[in-house]
Amino acid sequence: MTNMAQNTIEPVLLIHGGAGDIPESKVQGKLDGIRKAVCLGYEKLKDTGCVLEATQTAVEYMEEDDNFNAGRGSVLTTQGEIEMEALIVDGRDIKVGKSTGCKKNTGT
């Protein structure tokens, strides 16, 4: 039988930078941006112990990085509309903050 006090759990922070085809010219910028977002989030996690704050820190960085459209845009739908969703979950009590089906017609 192992002593649970001796076992440690190493936290993991997973972030994704969107979906779809990425042109070769943008791959390095996206990789660099994801690395930076994860590093900032992980530092926040180490400083505060709060996964929610770590996630928010990483996403806020991506919202300011021109390599991503987080928080300010989307790939247009086939109808030429912007359609966005966002979600963050506090795992302690499963409280959720979300927006879904947000649309804005671009007039195209």
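Four salt bridges are present in this structure, which is a predicted model. Three of the pairs are described below: Asp-32 with Arg-35, Glu-83 with Lys-103, and Arg-92 with Asp-90. The largest nonpolar core, with six residues, is covered after them.

**Salt bridge in helix 1**

- Asp-32 pairs with Arg-35, and their closest N and O atoms are 3.5 Å apart.
- Both residues belong to helix 1 (residues 24–48), where a spacing of three residues separates them by about one helical turn.
- Asp-32 is partly exposed, its relative accessibility being 41%.

**Salt bridge between strands 1 and 2**

- Glu-83 and Lys-103 form a salt bridge in which the closest N and O atoms lie 3.8 Å apart.
- Glu-83 is in strand 1 (residues 81–90) and Lys-103 is in strand 2 (residues 95–105), so this salt bridge ties together parts that are 20 residues apart in sequence.
- Glu-83 has a relative accessible area of 37% and is therefore partly exposed.
- Lys-103, with a relative accessibility of 56%, falls in the exposed class.

**Salt bridge at Asp-90**

- Arg-92 forms a salt bridge with Asp-90, with 2.5 Å between the closest N and O atoms.
- Asp-90 is part of strand 1.
- The relative accessible area of Asp-90 is 12%, which means that this residue is buried, since the cut-off is under 20%.
- Arg-92 is exposed, with a relative accessible area of 67%, against a cut-off of over 50%.
- When neighbours within four places in sequence are set aside, Asp-90 contacts Leu-52 and Lys-95.

**Nonpolar core**

- The largest nonpolar core consists of six residues: Leu-13, Ile-15, Ala-37, Ala-58, Met-62 and Phe-68.
- In soluble globular proteins, nonpolar side chains tend to be buried together.
- Leu-13, one of the residues in this core, also touches Val-38, Gly-41, Tyr-42 and Thr-55, when residues up to four places away in sequence are not counted.

**Points to inspect in the model**

- For the salt bridge within helix 1, the residues to display are Asp-32 and Arg-35.
- For the link from strand 1 to strand 2, the residues to display are Glu-83 and Lys-103.
- For the buried acidic partner, the residue to display is Asp-90, together with its salt-bridge partner Arg-92 and its contacts Leu-52 and Lys-95.
- For the surroundings of Leu-13, the residues to display include Val-38 and Thr-55.

Technical notes:
Residues numbered from 1 in each chain as written. Predicted model: local features only at pLDDT ≥ 70, side-chain atom pairs only at ≥ 80, totals over all residues. Heavy atoms only, no water. Core = buried A, V, L, I, M, F, W, Y, C linked by side-chain atoms within 4.5 Å. Buried < 20%, exposed > 50% of the residue type's maximum accessible area, 1.4 Å probe, protein only. Contact = heavy atoms within 4.5 Å. Salt bridge = Lys/Arg side-chain N within 4 Å of Asp/Glu carboxyl O. Helix = DSSP H or I, 4+ residues; strand = E, 2+ residues; numbered from the N terminus.
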